[in-house]
Every structure is written in structure tokens, then in C-alpha cells.
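This briefing covers aromatic contacts, charges over rings, cysteines and the main pocket. The sequence and structure come before the points.

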Amino acid sequence: MNPFTTLAARACPLPLANVDTDQLVPARFLKRSRATGYGGFLLHDLRFGADGQAKSVLPLDDPRYKGAQILVARRNFGGGSSREGAVYALADFGIRCIIAPSFGDIFSSNCVMNGLLPARVKESDAEALLAHLEQFAGAAINVDLEAQRIVCGNRVYDFSIDSFFKTKLLNGWDDVDVTLSFSEEMQAFQSRDAAERPWARPIRADRGD
Amino acid sequence: MRSQPLSIIDKLWESHVIVARDGGDCLLFIDRHLLHEGSFHAFEQVRKRGRAIARPDLSFAIADHYVPTRARAQPIANPEIARMVDLLARNTGAHGIAHIGLNDPRQGIVHVAIPEQGLTLPGLTIVCGDSHTSTHGAFGAYAFGIGASEVAHVLMTQAIWQKKPKCMRLRVEGATMPGTAAKDIALTFISRVGADGAQGHAIEYAGSAVRALSMEGRMTLCNLSIEAGARNGLVAPDQTTYDWLKGRPFAPKGESFERAVEAWDKLASDPGASFDREITLDGGEIVPTVTWGTSPEQALPVDATVPDPSTHADPARAAAISDAIAYMGLTPGGKLSSIAIDRVFIGSCTNGRIEDLRAAASVLAGRRAKVPGLVSPGSSSVKRQAEEEGLDRIFREAGLEFADSGCSMCVGINGDLVPPGERCASTTNRNFKGRQGPGARTHLMSPAMVAAAAVTGHLTDARELLEGRA
């Protein structure tokens, strides 16, 4: 996975609260393989009518925000379903960082697994960023993960992120490789655990298997 | 030597740590990994890496999200869905993972059917690529939903990296009123703390009202933890848990069961264990509750009125309320009990268990529904039991359809949809925009409340219809 260190890119406002993962990608699209690309499904039902025609009033479809790699939204972004398709839709649309006052826990984790930064800011800072981006459509934002700092216009904002997520993003770590480097510890745990918690193994005693 | 009292969350966490790194992130061992049709994204990742499955004996798969709820003896009509159900069978078959197929008598929604098999036990870590995995916490398990990349990681390693969450305890003390249910406790809690109120936390549910809940009620409560933002919620195991588990196919047997109970009894939070946040609700103040908006936090007692955004000083909050009211087609200040509905749905991993069907049937018995509706039992076993008890007859005589088991109209991807603009009283977990179908409007409530809404055609306090009954 590519590390995330700094990002200077156009940002798009999404002045909505509780943008759940069902809205980020409606469930009916989750049958598709990732290989087909998920970008067209992003916020699909807010952006397109039943006939597939664009109906969007979202800045996301405003040409002035075209090419945005950063989204700024209101509280509880990505709450709800664990579907990683929500992150695929954002990533395939070109988004690399989301700034909001709070995020769904599973969504945050899915973001980091795919190299996207969920940056948590104070509610008042999210409102200030949204106002700035609406006033100066197409403006760029600078995000510095190491310093946990956002520069927008002539203002600087701090953001928070779980230290564990931060390390993973900065290093572009692949979880599987890291885990497999602990195979000895894994073996030791399983031997010890089998003795300590014999009841934890799924055994159908009635069938003797 | 340990002197510090520990919570059940601490104990479950510590017993699964394989590696603890500086900074607090831990590699946790996973005791049970549950899979469904949606897991194909993860199998694709495993295939790309060319790796083996670490512990196929600890994974269990059931098709639930996409499966049809009718005509199950025939081949699946929708080719895309048929392919997904078949893909799960092939992916699990190729790796030697146990798979409960569509026509297996044990089939059901993973969070209903897996506990029925005795695969969910106290003291276990359980993960699944589904946010309602928190359901299994009802047994005193540490159970949480994960994304596809994490599913792939668990398949390849039987472990997961996690940072220990903060601990929250919700105590519900005192007896709850007749006619209220676990759903009402959960919706009341979510509306108080917000849909993001428990983010970053694991929740222990405690107090006399939680102890008094059946396993079904505890599963409903833990299921909805994610709707308060918590990845998992749990209840310490007790005699209610053990009585429910004893004799289940995969549960320990005989002397092994007794030894397991001895270990499980030690899981309860020690007196004086510390929590980052404690919340107490008075069980006696919990009343039948319904959602009016597009987030589970937008819930109120059924005798309340639709909120008025103009009374909110914070413009972002007012905008969220206005947006929800517009989508739901409501009027600020209108009585919730005047809201007319178009259909009802009874089912899902939240409220699709036998006790839920009994609660709905107790309202519907001898009555006719004014609107159409669907009852989809949470598992094939629940369906059989409902039929043995004659509940299917009550539903059918009321005019509702009694179908097969699956996620069905909760997530609307198997074809069971609420048509655009229609309003559905539903026992499910999410009233998100478009959740039950594009343009669908969902009001969440308990099974008895959904049944009452079916009978009157509008949102109704079920207690009015339960007088002299139940």
C-alpha cells in the first residue's frame, strides 16, 4: 500500500451529517467485483435519479470541484454498514482524505486499510472549512499527516487520528505482512490457548468430530 | 500479581492478545469467523495473494444477504444472485470451510442461525464482514463487524490488529413496563447518546432490566450497539445464557459444559472495574419508541411529535432535521401517532427471532392488518418453530405474507423492497435513506409496535392493542 504523508489537493464540501455507508454506496451495487471500478456508485442515489439521469445538487458534481481528492463533511461520516465498498467508491472516485467531526469506526478502519485518511476535526472547524470551500470553490487544502495539520486559506486546523492508524498510513504498512512476521507468537498463543480454553474450539460432541 | 479490578471487556481483550505493540495496538486471536455471500471481495484478495486459509475450522459460512425468501425449492431466478450464492459455496468448498447452504434446515441470517448452533459462546472473539456482528455480544462474546480487507486478513491469519476501545457501561435499572421491549431500550439509548455517541467504545450492558431480558432480547440490544456507533456491545453471561446454550449442537457437552461454565462465570466485570463512560437509564421510564427520521438517533416516544428544526439554534443540527423531515415527507409538530403507513416488515437479525414473532402475533391474533406486509423469520429454525406454534396462521389470517428466512427487506438486496415514496413500519435496524429500497421511508420500532401499526394503519402505541392480552 502507498504511504500517506502529505496531500495538497482540491477539496469538495459535502455539508451533510450522518452520511452513512448505505448512501456512500447503495447495497445493490455491492455484487460487483472491485475490478469493475466503484467510482460511479459514489453517493449514487443522491446524485442520480431512478432513470440514471444526473439529478445532483451536490458540489461533488459541480465542475468547479472536479478532480477533488479531499472531502469535508459533517458529523458521523461513514456510520452504519461495514461495507468496504463505501471506501472503494470514494477511492475509485479519486478521494484520498475525508475531513469530518466524527467517523464510523468500521469505516475509519476500512479507509486506513485502503490508504485513505479519515481526519477528525472539531465541529466548528468543519463548519469553517465548509464555509471556506463554498466561498472559494475549487480551493486546495494542504493535509500533513505527521503534523496532524490542515492548512486552508490563511488558517491552520489541527486534526486527530488514532495513533495506530497514523503509523499504518505513514508507513503504508500491509497488515498481512506485519502479522505473518509474528508467526512464532501466533503458534505459541494457539498452543497455550488450546490448554487454557478447551471449550473454545467448535466441536460437535454429538457427532464426535 | 493483579490487584486492579477488570471489566468483562478487559478480560476478553487480554485473553486474546497474541502481540501487543508500543502504542497500544494488539494482534488479537479470532475464535469464530462468520462469512456470507458478500465475503467474495475478501476471497478475491486472498486469491490475489495466493495464500492459504489459516484456520478453516474456525470459519462458518451462510448465505443470508441476497437469498430469495420465496420459492426456495426452485433454482434462484435472479442470475446475479444465483452466482453470488454459488460463489460462496465454491469459495468455502475450495478452502474446506463449513458452509450452511440455502436449503439446509440450519440456514438463516448469520446472526440468528450461528447462535442457534451453539457456535456463539461466552468468552469468544467473533468477527464477520457485517456490522451487526455485535449481536453475538449477548452471550458475553467480544464480537464486532469488519470490512472486506479485514475479512481477508482474518482468513489468512486467524487474527486481527485492533486498538483497544474505550469502555462504556450502560446500566438499565428497574423493571420495564409491559408492552416495552429490548428495541425500546436500544432506541432510547441511541437517541440519548447519538448515532456516533459510542464511537471508539465497547459497551457493557448491565443493570437489572438487562439481566431480566431473555437471550433474544439481549441479542436485539447488542445488535443495535453499532447504531450508537459502538463496534461491539456485550452482556456478561449468566444462568439465562447457560440455559439457552445447553444442548445446542456445537456447544460443549456434559462435563465439558460444566467446566466451561466455571470459566464463563469468571468473565463478569469485577466489582470496582473502571469504565471510561457510564450511563444509567431508568427502566421504568422507557416507553414504546419509534424513529421519525433517517438516522436511528432520530427516535422518540410514540406519543411525541415530529421535531421542529426552527427551534434548534445550531444551524448544522437544524439542517440535519430539515433534511430528514423532507425525505420522510413529514410535517414539523405533527403527531407521530398520526403518521399513516403503507406496509410493514417483521424480521432481520435485530428482531427476527421466535420471541419477536410471538410478540407481533400477540397483537395480530384475531385481527386484520390494514396494510400489506411481510414476515421473514430470522432463520429456517425460527420459521419451523413459528409454524409449530401456529404463528404463521395468525400472520396469514391478518393478511401478512409469511416467507422464508434471510436479510430480506432490511437491506433490500434480494428483491424484497419498499417501493419509492412508501412508508414502512419495520422491526429492522436502519432507517437510512434508501435502505429498504430507493426512496423508501422507514420507521424503526419493536415487533409489537410494527404489528400495532399494521392493525391501525398508522404508528400506534402497541399497549393500546395489548390491553387484556399477553
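**Aromatic contacts**

Both A:Y38 and A:Y88 are buried. The model is predicted. Over all chains, the whole structure contains 18 aromatic pairs, and A:Y38 with A:Y88 is one of the pairs described below.

- A:Y38 and A:Y88 meet edge-to-face, with 5.6 Å from centre to centre and 90° between the planes.
- This contact joins distant parts of the chain, since the two residues are 50 residues apart. A:Y38 is in the loop between α1 (21-24) and α2 (44-47) of chain A, whereas A:Y88 belongs to helix α3 (residues 85-93) of chain A.
- In chain B, the ring centres of B:Y142 and B:F144 are 5.8 Å apart and the planes are at 80°; an angle over 60 degrees counts as edge-to-face, so this pair is classed that way.
- B:Y142 has a relative accessible area of 3%, which is under the 20% limit, so B:Y142 is buried. B:F144 is at 1% relative accessibility and therefore also counts as buried.
- A cluster linked by ring pairs contains A:F29, A:Y38, A:F41 and A:Y88.

**Charges over rings**

- In chain A, A:R197 lies over the face of A:W199, 5.5 Å from the ring centre.
- In chain B, the ring of B:W244 has the charged end of B:R248 over it, 3.6 Å from the ring centre.

**Cysteines**

- Over all chains, the structure holds zero disulfides.
- B:C128 is in no disulfide, and its nearest cysteine sulfur, that of B:C407, is 9.6 Å away. B:C128 has 0% relative accessibility and so counts as buried.
- B:C410 is likewise in no disulfide; the nearest cysteine sulfur belongs to B:C349 and is 6.1 Å away. With a relative accessible area of 6%, B:C410 is buried.

**Largest pocket**

- The largest pocket holds about 750 Å³ of space.
- Its lining consists of 33 residues, and those nearest the centre of the pocket are A:D105, A:R120, A:D162, B:Q199 and B:G200.
- From chain A, α4 (105-113), β4 (117-120) and α6 (163-171) each supply at least two residues of the lining. From chain B, β7 (142-145), β8 (159-163) and β10 (201-206) each do so as well.
- By residue class, the lining of the largest pocket has twelve nonpolar, ten polar and eleven charged residues.

Terms used
Residues are numbered from 1 along each chain as its sequence is written. Chains are lettered from A and ligands numbered from 1 in the order in which they are written. This is a predicted model: local features need pLDDT of at least 70, side-chain atom pairs count only at pLDDT 80 or more; totals for chains, interfaces and linings use all residues. Side-chain values use heavy atoms; hydrogens and water are left out. On a 1 Å grid over the protein atoms alone, a cavity is a set of points where a 1.4 Å probe fits but cannot get out, and a pocket is an open set with protein on both sides within 12 Å along at least five of seven lines; lining residues have an atom within 4 Å of a point. Grid points are joined across faces, edges and corners, and a volume is the space filled by probe spheres set on the points. Helices (H or I, at least four residues) and strands (E, at least two) are DSSP runs, numbered from the N terminus. Ala, Val, Leu, Ile, Met, Phe, Trp, Tyr, Cys and Pro count as nonpolar, Asp, Glu, Lys and Arg as charged, and the others, Gly among them, as polar. Rings of Phe, Tyr and Trp (its six-membered ring) pair if their centres lie within 6.5 Å; planes under 30 degrees apart count as stacked, over 60 as edge-to-face and the rest as tilted. Buried means under 20% relative accessible area, exposed over 50%, partly exposed in between (1.4 Å probe, protein chains only). A charge sits over a ring if NZ of Lys or CZ of Arg is within 6 Å of the ring centre and within 35 degrees of the ring normal. A disulfide is a pair of cysteine sulfur atoms within 2.5 Å.
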